[in-house]
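Reader: I am new to this structure and would be grateful for a guided discussion of it. May we proceed by question and answer?

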Amino acid sequence: MPSHAIDLRARPPAGEFLSQRMFASLDRAAAVLRRRGYDLPASIEFRSMPAFIDEMAAAGIGQAVVFARIENDTVGGTSNESVARFVKASDGRFLGVGCVRMAGPEVTGDLDECERLGFAGVAVEPGLNEPPLVADDPSLYPIYEQIASMGLPAFITGGDANPDISYASPVALDRMARDFPRLDVVAVHGGWPWVTETLGVAWRRPNVWVMPDLYWANMPGQADYTAAANGYLRDRMLFATSYPAVNIEQYVAALRASNLSVSSWRAISQANPRRLLGGTAVGDQT
């Protein structure tokens, strides 16, 4: 397998990422990985960047996107400045996605910072707000408008990061995608557990991309995501691991064994990320 797949979401064992929940407790990390069918990799056990790079290479991944995250009590935060420093020092191996607070005077400053730092996208995590919000909350619309004006994709988080599954509502995603047709909207965690519904939203909204990341392999909905990638959503399905939530090598092996065609793997891990982020933003890393 050539070493030029692009992992669209990872949190390396370095810097502020080490304060996040999965790195803070090895026992917890091992238990979470075991529950999902994976072994604890050396990169997590020893919090080792060299081991992480080796695991990426063994999985056929040449480049990864790292996400900033607003400070929160659920999983911990990572600042835009920290991610930018990490990306700058990586010689092109990593790209950055910034984050934005969802209320108060800091919002505009956060978005200006994302643009200044040259991020490839902006993460909006309504469920981590205090109080939690859904994706189509009217208070978020000025944020979406500015992201659209910046020409960047918006990464909207679903899955377990939310207080309950209602905050991953595919109805809310559908409405906001309808209201911002020129904004590329990425459903982080693939809208899980609303798998079929989220795929239905992407079918009817051509600006919606589906990124199941850790919820694709070995999880309920795997067959539906794979069918979408092999067929009707092949041009808008995206590969990501959400490391350290998975063992990268084992995750990629499980994903490749899920009846995903070779051409579909190339689409979700190479062609689609390049179209989403822009051809000049990503490139093969060996």
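Author: Two strands pair if DSSP finds at least two bridges between them. The model under discussion is a predicted one.

Reader: How many bridges join β5 to β6?

Author: Strand β5 covers residues 154-157, and strand β6 covers residues 185-188. In the register of the two strands, Ala154 stands opposite Val185, and Thr157 has Val188 as its bridge partner. The strands run parallel, and the number of bridges joining β5 to β6 is four.

Reader: Which helix makes a β-α-β unit with β5 and β6?

Author: The unit formed with β5 and β6 is right-handed. Its helix spans residues 170-179 and is α8.

Reader: Which residue of β5 is the bridge partner of Ala123?

Author: Strand β4 (residues 122-124) runs parallel to β5, and three bridges join them. Helix α7 (residues 141-150) completes a right-handed β-α-β unit with these strands. In β5, the partner of Ala123 is Phe155.

Reader: Are the residues of β5 buried or exposed?

Author: The side chains of β5 point in two directions: Ala154 and Ile156 one way, Phe155 and Thr157 the other. The limit for a buried residue is a relative accessible area under 20%. On both sides of β5, these four residues are buried.

Reader: Which residue of β7 is the bridge partner of Ala187?

Author: Strand β7 comprises residues 208-211. It runs parallel to β6, with four bridges between them, and a right-handed β-α-β unit is made by β6, helix α9 (residues 195-204) and β7. The bridge partner of Ala187 in β7 is Val210.

Reader: Which residues of β7 point the other way from Val208 and Val210?

Author: Val208 and Val210 share one direction from the strand, and the residues on both sides are buried. Those that point the other way are Trp209 and Met211.

Reader: What is the order of the strands in the open sheet?

Author: The open sheet has seven strands, and their pairing is parallel. β1 (5-10) and β7 each have a single partner strand, so they stand at the edges with one side left without a neighbour in the sheet. From one strand to the next, the twist averages 25°. The order is β1-β2-β3-β4-β5-β6-β7.

Reader: What angle does the direction of α9 make with that of β7?

Author: Helix α9 packs on the sheet, where it touches β6 and β7. Its direction and that of β7 make an angle of about 150°.

Reader: At what angle to β1 does helix α12 run?

Author: Helix α12 consists of residues 262-277. It lies across β1, β2, β3 (94-99), β5, β6 and β7. Its angle to β1 is about 70°.

Reader: Which residue forms a salt bridge with Glu125?

Author: The whole structure contains eight salt bridges. In the one formed by Glu125, the closest N and O atoms are 2.6 Å apart. The pair links distant parts of the chain, 56 residues apart: Glu125 is in the loop between β4 and α7, and its partner is in the loop between β2 (61-67) and α5 (80-88). Both residues are buried, and the partner of Glu125 is Arg69.

Reader: Which helix holds Asp174, and which holds Arg204?

Author: The side chains of Asp174 and Arg204 meet in a salt bridge, with 2.7 Å from N to O. The two residues are 30 apart along the chain, so the bridge links distant parts of it: Asp174 lies in helix α8 and Arg204 in helix α9.

Reader: What is the relative accessible area of Arg205, which forms a salt bridge with Asp174?

Author: The closest N and O atoms of Arg205 and Asp174 are 2.6 Å apart. Arg205 lies in the loop between α9 and β7 and Asp174 in helix α8, so their bridge ties together parts 31 residues apart in sequence. Asp174 is buried, at 14%. Arg205 is buried as well, and its relative accessible area is 16%.

Reader: Why do Cys99 and Cys114 form no bond?

Author: A disulfide requires cysteine sulfur atoms within 2.5 Å. Cys99 is buried, with a relative accessible area of 7%, and Cys114 is buried at 0%. The closest cysteine sulfur to that of Cys99 is in Cys114, and the two are too far apart for a bond because the distance is 6.4 Å.

Reader: How many disulfides does the count come to?

Author: The limit on the sulfur-to-sulfur distance is 2.5 Å. By this rule, the count of disulfides is zero.

Note on methods:
Residues are numbered from 1 along each chain as its sequence is written. This is a predicted model: local features need pLDDT of at least 70, side-chain atom pairs count only at pLDDT 80 or more; totals for chains, interfaces and linings use all residues. Side-chain values use heavy atoms; hydrogens and water are left out. Buried means under 20% relative accessible area, exposed over 50%, partly exposed in between (1.4 Å probe, protein chains only). A crossover is right-handed if, with the strands pointing away from the viewer, the path from the first strand over the helix to the second runs clockwise. A salt bridge is a side-chain nitrogen of Lys or Arg within 4 Å of a carboxyl oxygen of Asp or Glu. Axes are lines fitted to C-alpha atoms, for helices over the stretch in contact, and angles run from 0 to 180 degrees between N-to-C directions. Contact means heavy atoms within 4.5 Å.
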